[in-house]
Amino acid sequence: MTDSHAAQLPQPFNAAFFADPYSVYARLRSEASVHHVALQDGSPIWLVTREADVRAGLYDPRLSVSKAHSRAGYKGFSLPPALDANLVNMDPPDHLRLRRLVSKVFTPRHVENLRGGIQGTADHLADGLAKLLDNEGVADVVTGFANHLPVAVIGDLLGVPEADRRPFADRVSAMVAPEHPSHVAEAVDHLHRYLIDLVASRRANPDDNLLSELIAVRDEGDRLSENELVSLAFLLLMAGSESAQHLITSGLLTLLSHPDQLAAIRDDWTLLPSAVEELLRYAHPNHMAIRRFPVERIEMGGTSIPPGETVMLCLASANRDPDRYPDPDQFDIFRQDKTHLSLGQGLHYCLGASLARMEIETALATLLRRFPGLGLATRVEELPWRTSVRSRALKALLVTNSQSSYIS
Ligand code: HEM
């Protein structure tokens, strides 16, 4: 596919898309499952929109995640090898070798041990929000809470110094959703240099965190190369902070804009885990993030896709497919079938799934219990969404608290 061909492809990612991506997906899904379109940067992609095809794609071994199979000019972020050699870009057998090294840290049992620490961090952040609400009557949940919790948790696990965590996550945001395209290279360069320095400093002064453990594995044999080590740290920090922080804010927004269901949760907190599953389906943040490269010509949803092209499995569209979910655009915590594709499926199923669920649940429970009169300070139509097709996220979520009493 030449650039001139790519330039002729439809480009559905315009202002109307960012205002309401779901109506664009609904139109695309009703026309066909697979669409040949261009991303904002001009990269041609085959966008898969129907749930059955997205699900099949996640399990299809003919769809590689390795950029070595890309022949169609997929740009993505151009990362140096020291950041690129990570799980989401690796096929078996390397994928399994690396995943084995870290999976024990993310099992449900291990994650359960983190609950107390996560609650402590959430309470501390809620104290900060309470001060803002008391002093100014309004607070931003993005900058005052959600931006800090997941990166603190993954930073603790890996052993990233506290002062470095937020700057790291800000660079990740600049890379994923840059204010200007030129900011991407600068952010990547900074993240790269930071991680090289961090590994050097942990190598000189090991502690008992995951990064030091991985350095020990690296230094004792050939199970992990130096690039893979740095890339793994990069992926864990990036994946561990980006999506969860956005789901906390859009999750809170969704609950505040559905007062009946919020009231039901406040009456019965055991409904919260179901609500989190429904939020994962309804407010899923990773829109154009799951890309694959066919290793041979494949048929998807009645469309023939040549090898080496970029296939984008759109989880956000799949989660709203009416052939899969009754009333898919309704947020309904009482929905019978709570399954969704938001954490992926198959070999690359989200490594941090248990952690993500716990973080979102803890964050929402903390905010809702601590601020019983929480309400939106901005009209829903005026909320500032980022204009990144990769990940749908609020830039700010201003809230008020009409009752100031604290309930535990
Ligand atoms: C709401 C929050 C989260 C969402 C929606 C999410 C979603 C996803 C999805 C869809 C994938 C599959 C990628 C693919 O198939 O190409 C994935 C993979 C991954 N996620 Fe998450 N994630 C979240 C939180 C986390 C957290 C907290 C961590 C912490 C470490 C994490 C670590 C990872 C890793 C390492 C992978 C790659 C797994 C592999 O390739 O084997 N994620 N995530």
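These legends accompany close-up views of a predicted model.

**View 1. The shell around the ligand.**
This view shows the 25 residues around the ligand. G240, S243, G344, C350 and G352 come nearest. Nonpolar residues number 17 in this shell, alongside seven polar and one charged.

**View 2. Helices that build the ligand shell.**
Which helices each supply at least two residues of the shell around the ligand? They are α10 (149–158), α14 (226–256) and α18 (353–370). The largest share comes from α14, with seven residues.

**View 3. The largest nonpolar core.**
Helix α14 appears again here, this time in the packing of nonpolar residues. The largest nonpolar core holds 80 residues. L149, L158, A233, F234 and L237 touch the most other members. α14 gives the most to this core, 16 residues. Elsewhere, and apart from this core, lies another one of 27 residues. Its members include V34, M300, M312 and L341.

**View 4. The surroundings of L149.**
L149 is one of the residues that touch the most other members of the largest nonpolar core. What is L149 in contact with, leaving aside its neighbours within four places in sequence? The partners are T121, A122, L125, I248, E359 and A363.

**View 5. A sheet of three strands.**
The strands form an open sheet in the order β4-β10-β9, and the pairing is antiparallel. Why is one side of β4 and of β9 left without a neighbour in the sheet? β4 (139–140) and β9 (374–376) stand at the edges, and each has a single partner strand, so one side of each stays without a neighbour.

**View 6. Where β4 meets β10.**
Strand β10 covers residues 398–401. Two bridges join β4 to β10, and these strands run antiparallel. At one bridge, A139 has V399 of β10 as its partner.

**View 7. The two sides of helix α3.**
Helix α3 spans residues 21–31. Within α3, P21, Y25, L28 and R29 are buried. These residues cover an arc of only 100° around the axis, so they lie on the same side of α3. On the other side of α3, the view shows R27, S30 and E31, which are exposed.

**View 8. What the buried side of α3 packs against.**
Where do the buried residues of α3 pack? They pack against two helices and a strand: α2 (15–19), α17 (315–318) and β1 (34–38).

How values were computed: Residues numbered from 1 in each chain as written. Predicted model: local features only at pLDDT ≥ 70, side-chain atom pairs only at ≥ 80, totals over all residues. Near = placed C-beta within 6 Å. Helix = DSSP H or I, 4+ residues; strand = E, 2+ residues; numbered from the N terminus. Nonpolar A, V, L, I, M, F, W, Y, C, P; charged D, E, K, R; others polar. Pairing = 2+ DSSP bridges. Core = buried A, V, L, I, M, F, W, Y, C linked by C-beta atoms within 7 Å. Buried ≥ 20, exposed ≤ 12 C-beta atoms within 10 Å, placed from the backbone. Contact = placed C-beta atoms within 7 Å. Arc of directions from axis to C-beta.
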